[in-house]
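Visitor: I've got a few "how do you know" questions about charged pairs. Could you walk me through them with the model on screen?
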Amino acid sequence: MLRRFATILSLCVCAALGAVHAQQLEWSVDFSSMFQNREGGDEQTPDQTILFTRLAPEVGLSLMDNTHEIKGGVAWFQPMIDNGAGYKVLPTIYYNFHHGKWDVTTGMFPRSLLPLKPSTLLWSDSLSFTTPNARGVLIRHQMPNCAMALMVDWRQMQSTTQREAFNVYFQALKHFYAPVTLLGEVQINHLAKRKDAPEGEGVNDDITLFPRIAVRAIRRPKAKLAFEVGPVVQLQRNRSEGKWHTPCRFFASVNARLWNWLDIDEEVSIGKDA
């Protein structure tokens, strides 16, 4: 009865808004695929070939000249080399409030809403493809020459079988002269204990600071070349041990984009692991 009342109330509110303000139906479809052949030393990851596609349709309603947006859809992840097994379909549903240069988004929303694609040091390419949505809140502020965003991603709730997990992520960028951009990312990962956790299971904290400079060496309609360099400062702790580890390093990358659809990335990091 209560659920039926809530549904009727929601429909009445939408109808009232529609009677006063114009509504606009919006939709989008995102399709991507990935092929990766991993060969060489398998100390960290096994030698393997990865091939999959991802289809993410969305449909939504925009109210009051895009001030309010409600969108929903799915992200369908499909491996291509495992006889169709291993697929998963993830829900996408979120609300966005827009005012001036500010946007506030809440729900299960695509990470692509971030002004800057997160570095693979913080969120690997495999996770970006298989977990495209964040679950929480995103606050964005965007101007022509700068942007910043703060996101809370609640990945997992605490129970007797799983640990509470969430991360707080902040990014900012500032364009200076034509080829130079200052970038910065800060991420705090928190992994709590399970309910009635066994002895020895501790709370984990992981903090990463990643400031860097990007230089766009070539920027043409069908060819782009950019370089990034900067330090990576990390602080890691298992509270049951009570000791902080500092696996810091220096990072450099080069990115080439051809014909607006082919990306080539190469990344190198040098430093200590603990």
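Visitor: Why is Arg194 called partly exposed?

Guide: Keep in mind that this is a predicted model. Arg194 has a relative accessible area of 27%. Partly exposed runs between the 20% and 50% cut-offs, so Arg194 gets that label.

Visitor: And what makes Glu201 buried?

Guide: Its relative accessible area is 16%. Buried means under 20%, so Glu201 qualifies.

Visitor: How do you know that Arg194 forms a salt bridge with Glu201?

Guide: Their closest N and O atoms are 2.8 Å apart. The rule asks for an Arg or Lys side-chain nitrogen within 4 Å of a carboxyl oxygen of Asp or Glu, so this pair counts.

Visitor: What makes Asp30 and Arg54 a salt bridge?

Guide: Here the closest N and O atoms sit 3.6 Å apart, and the cut-off is 4 Å, so the pair passes. Asp30 is in strand β1 and Arg54 in strand β2, 24 residues apart, so the pair links distant parts of the chain.

Visitor: Which of these labels fits Arg54, buried or exposed?

Guide: Buried: Arg54 has 11% relative accessibility, and the limit is under 20%. Asp30, at 37%, is partly exposed.

Visitor: Why does the pair of Arg237 and Asp205 tie together separate parts of the sequence?

Guide: The two side chains meet in a salt bridge at 3.0 Å, N to O. Arg237 lies in strand β11 and Asp205 in strand β10, so the bridge joins parts 32 residues apart in sequence.

Visitor: How many salt bridges are there by this rule?

Guide: The count comes to 11. Separately, Arg111, Arg135 and Asp153 are linked in a network of salt bridges.

Key:
Residues numbered from 1 in each chain as written. Predicted model: local features only at pLDDT ≥ 70, side-chain atom pairs only at ≥ 80, totals over all residues. Heavy atoms only, no water. Helix = DSSP H or I, 4+ residues; strand = E, 2+ residues; numbered from the N terminus. Buried < 20%, exposed > 50% of the residue type's maximum accessible area, 1.4 Å probe, protein only.
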